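What follows is a walk through one protein chain, moving from a single side-chain contact outwards to the fold as a whole. Please keep the sequence and the coordinates in view while reading.

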Amino acid sequence: SSDLGWTLHPKEVFGVPDFFFRNCRIAIFVDGCFWHGCPRCGHVPKTNADYWARKIARNRARDKAVNEVLTGSAFGVVRFWECEIRTALQACVDRIATEIASKRQQM
């Protein structure tokens, strides 16, 4: 836990976000480009392609379901691709700051 009120991987929050800002109820997920099928750099391996295509599709469906449950419970949800963190970290931080400011206005 930090002074900013966030925790890592809180098991009690549905979907177990990577970061959770408890005070303003914001869940942050960093989706791995391979595991979640990033449209820019994700890929389906040639070996056992059917298995991997189904696995990635299930992960994406789970992500969508987690988003729906959390937003339906008045949580803010922000998702980043792993590649966004590597290539545009400041833009990611700015998105989080914007979401925090928006949630604080609603409180």
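The side chains of Arg-79 and Asp-31 are joined by a polar contact of 2.8 Å. This is a predicted model, and the distance is one computed from its atoms. Arg-79 belongs to strand E4, and its side chain also makes a polar contact with the side chain of Asn-67, again given as 2.8 Å. Is Arg-79 buried or exposed? Arg-79 counts as buried because its relative accessibility is 17%, and the limit for a buried residue is under 20%. Leaving aside residues up to four places away in sequence, Arg-79 touches Phe-29, Asp-31, Asp-63, Val-66, Asn-67, Glu-84 and Arg-95.

Two of the residues in that list, Asp-63 and Val-66, lead to helix H2, where both are among the buried residues. Helix H2 runs from residue 49 to residue 72, which gives 24 residues. From the first C-alpha to the last, H2 reaches 34 Å, close to the 34 Å expected at 1.5 Å a residue. The buried residues of H2 are Trp-52, Ile-56, Asn-59, Asp-63, Val-66 and Leu-70. An α-helix has 3.6 residues a turn, so residues three or four places apart point the same way. Against which elements do the buried residues of H2 pack? Their partners are strand E3 (26–31), helix H1 (33–36) and strand E4 (76–81).

Helix H1 contributes His-36 to this part of the structure. His-36 is buried because its relative accessible area is 12%, under the 20% limit. Beyond residues up to four places away in sequence, His-36 touches Asp-31, Ile-56, Asn-59, Arg-60, Arg-62, Asp-63 and Trp-81. Asp-31 and Asp-63 are thus touched by His-36 and are also among the residues that Arg-79 touches.

Thr-71 is also placed in helix H2. Thr-71 is partly exposed because its relative accessibility is 47%, which falls between the 20% and 50% limits. What does the side chain of Thr-71 reach at 3.4 Å? That partner is the backbone oxygen of Glu-68. The backbone oxygen of Asn-67 lies 2.8 Å from a polar atom of the Thr-71 side chain. Asn-67 therefore takes part through its backbone oxygen here, while its side chain makes the polar contact with Arg-79 already described, each a pair of N or O atoms within 3.5 Å. Thr-71 and Arg-25 are 46 residues apart in sequence, and their C-alpha atoms are 10.0 Å apart in space.

A second threonine can be read alongside Thr-71. Thr-87 lies in helix H3, residues 82–87, and its side chain reaches the backbone oxygen of Cys-83 at 2.8 Å. Thr-87 counts as exposed because its relative accessible area is 59%, over the 50% limit.

The backbone has some positive phi values to note. Most residues other than glycine have a negative phi, and most peptide bonds are trans. Asn-48 has a positive phi near 60° and is placed in the loop between H1 and H2. After H2 comes Ala-74, with a positive phi near 65°. Where does His-9 lie? His-9 is in the loop between strand E1 (6–8) and strand E2 (19–21). Its phi is positive, about 45°, although His-9 is not a glycine. His-9 is partly exposed because its relative accessible area is 38%, between the two limits of 20% and 50%.

These elements can now be set in the whole chain. The protein chain has four helices and four strands, in the sequence pattern β-β-β-α-α-β-α-α. Its C-alpha trace spans about 50 × 30 × 20 Å along the principal axes. Of the 107 residues, 35% are buried. Among contacts with a separation of 6 or more, 46% come from residues 24 or more positions apart.

The accessible surface of the protein chain comes to about 6,900 Å², and carbon and sulfur atoms account for 57% of that area. How many positive and negative side chains does the chain have? There are 16 positive and 11 negative side chains, and the centres of the two sets lie 4 Å apart.

Definitions and conventions:
Residues are numbered from 1 along each chain as its sequence is written. This is a predicted model: local features need pLDDT of at least 70, side-chain atom pairs count only at pLDDT 80 or more; totals for chains, interfaces and linings use all residues. Side-chain values use heavy atoms; hydrogens and water are left out. Helices (H or I, at least four residues) and strands (E, at least two) are DSSP runs, numbered from the N terminus. The expected span of a helix is 1.5 Å times one less than its number of residues. Buried means under 20% relative accessible area, exposed over 50%, partly exposed in between (1.4 Å probe, protein chains only). Contact means heavy atoms within 4.5 Å. Accessible areas come from the Shrake-Rupley method with a 1.4 Å probe; for residues, only the protein chains shown count as cover. Lys and Arg count as positive and Asp and Glu as negative; His and the chain ends are not counted. The place of a charge is taken as NZ of Lys, CZ of Arg, CG of Asp or CD of Glu. A polar contact is a pair of N or O atoms within 3.5 Å; within protein, one must be able to donate a hydrogen and the other to accept it, and residues adjacent in sequence count only if both atoms are side-chain atoms.
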